[in-house]
Amino acid sequence: MLDTQRETIRTVNRTIREFADDPRIPSEESWEFFCECGCFTLVEVTLERYDSEAGVWAPGHEASVTASD
């Protein structure tokens with residue numbers, strides 16, 4: 001179930017990113033994305049950071065995700 005939850009969060013985050021893809025919005029503008037560990041915490045990041053990283057996690061959450069979760 002957690003894998004499905006994580007995939008849903010990734011899909012929502014991609015949708016947020018697509019919505020933010022407006023040339024009138026500066027790349028340094030912050031947006032709120034959901035933590036991809038599955039906890040639904042909102043994480044504020046710039047579009048530039050979102051595009052450069054392999055996911056969005058709340059502080060300390062990335063390291064706590066394991067393959068068995």
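This report describes the fold, core, aromatic pairs and salt bridges of a predicted model.

## Overall fold and surface

The protein chain contains two helices and two strands, and read from the N terminus these elements follow the order α-β-β-α. Helix H1 covers residues 2-19, strand S1 spans 30-34 and strand S2 spans 42-46, and helix H2 takes in residues 47-52.

Of the 69 residues in the protein chain, 29% are buried. The chain exposes about 4,700 Å², and carbon and sulfur atoms supply 54% of that area. Where contacts between residues at least 6 apart in sequence are considered, 32% of them join residues at least 24 apart.

## The nonpolar core

The largest nonpolar core has 12 residues in all, namely Ile16, Ala20, Trp31, Phe33, Cys35, Cys37, Val43, Val45, Leu47, Tyr50, Val56 and Ala58. The elements that give two or more residues to this core are S1, S2 and H2.

Phe33, a member of this core, has contacts that reach several parts of the chain: leaving aside residues up to four places away in sequence, Phe33 touches Asn13, Ile16, Arg17, Thr41, Leu42, Val43, Val45, Leu47, Tyr50 and Val56. Asn13, which is found in helix H1, is buried with a relative accessible area of 0%. With residues up to four places away in sequence again left out, the contacts of Asn13 are Phe33, Phe34, Glu36, Tyr50 and Val56, and among these Phe33, Tyr50 and Val56 are listed in the largest nonpolar core.

## Aromatic pairs and the loop at Phe40

The count of aromatic pairs comes to three. One of them is formed by Phe19 and Trp31, whose rings meet edge-to-face at 6.0 Å centre to centre, with 80 degrees between the planes. Because Phe19 lies in helix H1 and Trp31 in strand S1, this pair ties together parts that are 12 residues apart in sequence. The two partners are unlike in their exposure, since Phe19 counts as exposed at 65% relative accessibility, whereas Trp31 counts as buried at 19%. Phe34 and Phe40 form another edge-to-face pair, with 6.2 Å centre to centre and 80 degrees between the planes.

Phe34 counts as partly exposed at 24% relative accessibility, and Phe40 is likewise partly exposed, with a relative accessible area of 46%. Phe40 lies in the loop between strand S1 and strand S2. The backbone at this position deserves a note, as the phi of Phe40 is near 70 degrees, a positive value in a residue other than glycine.

## Salt bridges

Side chains of opposite charge can pair when their charged atoms come close. In this model the count comes to six salt bridges. Glu7 forms one of them with Arg10, the closest N and O atoms being 3.6 Å apart; both residues lie in helix H1, three residues apart, which is about one turn of the helix. Glu7 is partly exposed at 38% relative accessibility, and Arg10 is also partly exposed, at 28%. Glu7 and Arg10 belong with Arg14 and Glu36 to a network of salt bridges.

A further salt bridge joins Asp51 to Arg17, with the closest N and O atoms 2.8 Å apart. Asp51 lies in helix H2 and Arg17 in helix H1, so the pair ties together parts that are 34 residues apart in sequence. Asp51 counts as partly exposed at 46% relative accessibility, while Arg17 is buried, with a relative accessible area of 17%. Arg17 is also among the residues that Phe33 touches, and Phe33 in turn is listed in the largest nonpolar core.

Asp22 and Arg24 also meet through their side chains in a salt bridge, at 2.6 Å from N to O. Here, too, the partners fall into separate exposure classes: Asp22 is buried, with a relative accessible area of 18%, whereas Arg24 counts as exposed at 71% relative accessibility.

Methods:
Residues numbered from 1 in each chain as written. Heavy atoms only, no water. Helix = DSSP H or I, 4+ residues; strand = E, 2+ residues; numbered from the N terminus. Buried < 20%, exposed > 50% of the residue type's maximum accessible area, 1.4 Å probe, protein only. Salt bridge = Lys/Arg side-chain N within 4 Å of Asp/Glu carboxyl O. Contact = heavy atoms within 4.5 Å. Phe/Tyr/Trp six-rings, centres within 6.5 Å; stacked < 30°, edge-to-face > 60°. Core = buried A, V, L, I, M, F, W, Y, C linked by side-chain atoms within 4.5 Å. Areas by Shrake-Rupley, 256 points an atom, 1.4 Å probe, with all protein chains shown as cover.
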